[in-house]
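Please work through the following exercises with the sequence and the model at hand. Each task is followed by a worked solution.

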Amino acid sequence: MDTSTPPVSLEHVRDALAPFGPPVMVCNKSHSGSRLLAALLAEGGVFMGAHRNESEDSLDVLELVEHLVGRHYPDYAPLWTDGSDARETARVALECFRRHLEGCGPRGGRPWCWKLCESGYALPLFARLFPGLRVIHLIRDGRDVAFCDHRGPDNAFWRKVHFDTDRIAAWRGMRLDGPAYRRRAHLYNAAHWSNAVRVARAYGAMLGERYLEVRYEDLCRDFAATAARVLAFAGATDAAGAI
């Protein structure tokens with residue numbers, strides 16, 4: 001990837017990444033079972049990123065998503081017209097994907113992907129950078145997810161993830177800090193699940209057939225058939241072996 005010239009536009013980033021081919025993106029509400037999907041895709045020969053945490057999230061894409069959600073979500077319209085914002089976002093995006101793609105060959109090599117729960121909130125920018133982007137949206141029964149504690153809305157990023165705004169000091173009479181979350185975590189988790197599913201579905205629907213919704217319960221009940229559908233969608237090179 002040529003990074004010798006500082007990016008001047010999002011189109012510059014799109015062209016710089018084009019030789020790697022269109023990626024696959026996995027998004028979901030946290031604690032929905034996406035580590036299983038990440039392991040499945042990796043076993044199928046899909047490159048999942050050079051730097052990942054124990055949940056198989058891309059640490060590099062996380063940096064970009066935090067930038068995008070913090071500065072732009074839920075209104076990305078100014079990003080398409082504000083030159084200074086676009087240049088800064090282009091710089092961050094190119095550097096993040098340069099790190100994420102370390103060790104991945106250009107087009108003709110392995111298909112590539114990233115898994116990051118909150119990617120759905122940044123889908124407008126990803127669709128702009130990757131015209132052929134495919135999205136796998138994993139959904140788990142919200143009643144299960146509500147009782148899997150994760151992270152409360154205790155800073156600006158997580159408030160946007162929960163409520164679409166960081167200009168909020170309380171929700172239903174409850175404070176937005178750690179102690180309040182720990183007392184009634186299931187209520188905050190339910191709000192988080194509802195918003196995450198709604199946002200990823202709304203943005204994903206704009207991709208048409210390049211958006212795939214997968215139920216975690218289907219992976220449990222009929223793993224082979226569901227996994228085969230996921231791997232075919234992702235262009236995995238060794239679907240049978242992965243399953």
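The exercises below concern strand 3 and its surroundings in a predicted model.

**Exercise 1.** Determine which residues of strand 3 point one way and which the other way, and state whether they are buried or exposed.

*Solution.*
Step 1. Strand 3 covers residues 134-139.
Step 2. One side of the strand carries Arg134, Ile136 and Leu138, whereas Val135, His137 and Ile139 point the other way.
Step 3. Buried denotes under 20% relative accessible area, and residues on both sides are buried.
Step 4. Because six of the six residues are buried, strand 3 is largely enclosed by the rest of the structure.

**Exercise 2.** Identify the strands that pair with strand 3, their sense and the residues that face each other.

*Solution.*
Step 1. Strand 1 (residues 24-28) pairs with strand 3 in the parallel sense, over five bridges.
Step 2. Within this pairing, valine 26 has isoleucine 136 as its bridge partner, and asparagine 28 has leucine 138.
Step 3. Strand 6 (residues 211-215) also forms a parallel pairing with strand 3, over five bridges.
Step 4. Here glutamate 213 of strand 6 stands opposite histidine 137.

**Exercise 3.** Place strand 3 in its sheet and describe the helix that lies across it.

*Solution.*
Step 1. Four strands form an open sheet with parallel pairing, in the order 2-1-3-6.
Step 2. Strand 2 (113-115) and strand 6 are the edge strands, each pairing on one side only.
Step 3. On average, neighbouring strands of this sheet are turned by 20° against each other, direction ignored.
Step 4. Helix 10 (residues 185-205) lies across strand 1, strand 3 and strand 6, and runs at about 155° to strand 3.

How values were computed: Residues numbered from 1 in each chain as written. Predicted model: local features only at pLDDT ≥ 70, side-chain atom pairs only at ≥ 80, totals over all residues. Heavy atoms only, no water. Buried < 20%, exposed > 50% of the residue type's maximum accessible area, 1.4 Å probe, protein only. Helix = DSSP H or I, 4+ residues; strand = E, 2+ residues; numbered from the N terminus. Pairing = 2+ DSSP bridges. Axes fitted to C-alpha atoms, helices over the stretch in contact; angles between N-to-C directions. Contact = heavy atoms within 4.5 Å.
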